[in-house]
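Biologist: Please show me the model, and then let us go through how its labels were assigned.

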Amino acid sequence: MHNKKIFFLLAILWTLAVTYLSLATFEDVSSDIEVPYKDKLAHFTFYMMFVVLWALFFKQSKYNFKILFAAIGYGIVMEICQKLFTTTRSADVLDVTANTIGAIVGLLIITKIFNNKTTL
């Protein structure tokens with residue numbers, strides 16, 4: 001039961017972080033390190049972890065596809081919100097693609113964990 005509360009807190013905090021990072025402005029942030037496609041890698045990671053953390057909270061495989069579709073839908077909503085509610089961000093189909101691929105990889109990871117009966 002203790003793990004369930006921890007996973008719930010982590011999933012909520014992660015979702016809030018994804019929301020903030022999706023809508024915040026980062027114009028003044030610069031980096032000397034150039035990583036190809038770092039924006040898409042960030043989207044991939046955000047939604048992979050979104051699926052993993054929510055699946056660990058629910059801990060029942062019957063919810064996995066609901067979590068997957070919720071993550072994909074949430075990613076689409078965030079892109080729409082970027083277009084409608086920010087002046088420095090824009091909606092990007094490639095971001096939705098990275099979100100979706102990340103969510104699918106998260107589902108694959110969690111399926112492997114649940115199939116191996118790993119105790120978390």
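Modeller: A helix here is a DSSP run of type H or I with at least four residues, numbered from the N terminus. Helix H1 covers residues 2-23, and isoleucine 12 lies in it. Note that this is a predicted model.

Biologist: Why is isoleucine 12 called partly exposed?

Modeller: Its relative accessible area is 31%. Buried means under 20% and exposed means over 50%, so a value in between is partly exposed. Isoleucine 12 also belongs to a nonpolar surface patch of about 450 Å², together with Phe8, Leu9, Leu13 and Leu16.

Biologist: Is serine 22, also in helix H1, buried or exposed?

Modeller: Serine 22 has 5% relative accessibility and therefore counts as buried, the limit being under 20%. Leaving out residues up to four places away in sequence, serine 22 touches Tyr47, Met78, Gln82 and Arg89.

Biologist: What makes tryptophan 54 and phenylalanine 57 an edge-to-face pair?

Modeller: Their ring centres are 5.9 Å apart, with 85° between the planes. Pairing requires centres within 6.5 Å, and edge-to-face requires planes over 60 degrees apart, so both conditions are met. The two residues are 3 apart in helix H2, about one turn.

Biologist: How do you know that phenylalanine 57 and phenylalanine 58 pair edge-to-face?

Modeller: The values are 4.8 Å centre to centre and 65° between the planes, so the pair passes the limits of 6.5 Å and 60 degrees. Phenylalanine 57, at 13% relative accessibility, counts as buried, whereas phenylalanine 58, at 30%, is partly exposed. Both residues belong to one aromatic cluster with Phe8, Trp54 and Tyr63.

Terms used. Residues numbered from 1 in each chain as written. Predicted model: local features only at pLDDT ≥ 70, side-chain atom pairs only at ≥ 80, totals over all residues. Heavy atoms only, no water. Patch = residues over 30% accessible without salt bridge, like charges linked within 9 Å, V, L, I, M, F, W, Y side chains within 5 Å. Areas by Shrake-Rupley, 256 points an atom, 1.4 Å probe, with all protein chains shown as cover. Salt bridge = Lys/Arg side-chain N within 4 Å of Asp/Glu carboxyl O. Buried < 20%, exposed > 50% of the residue type's maximum accessible area, 1.4 Å probe, protein only. Contact = heavy atoms within 4.5 Å. Phe/Tyr/Trp six-rings, centres within 6.5 Å; stacked < 30°, edge-to-face > 60°.
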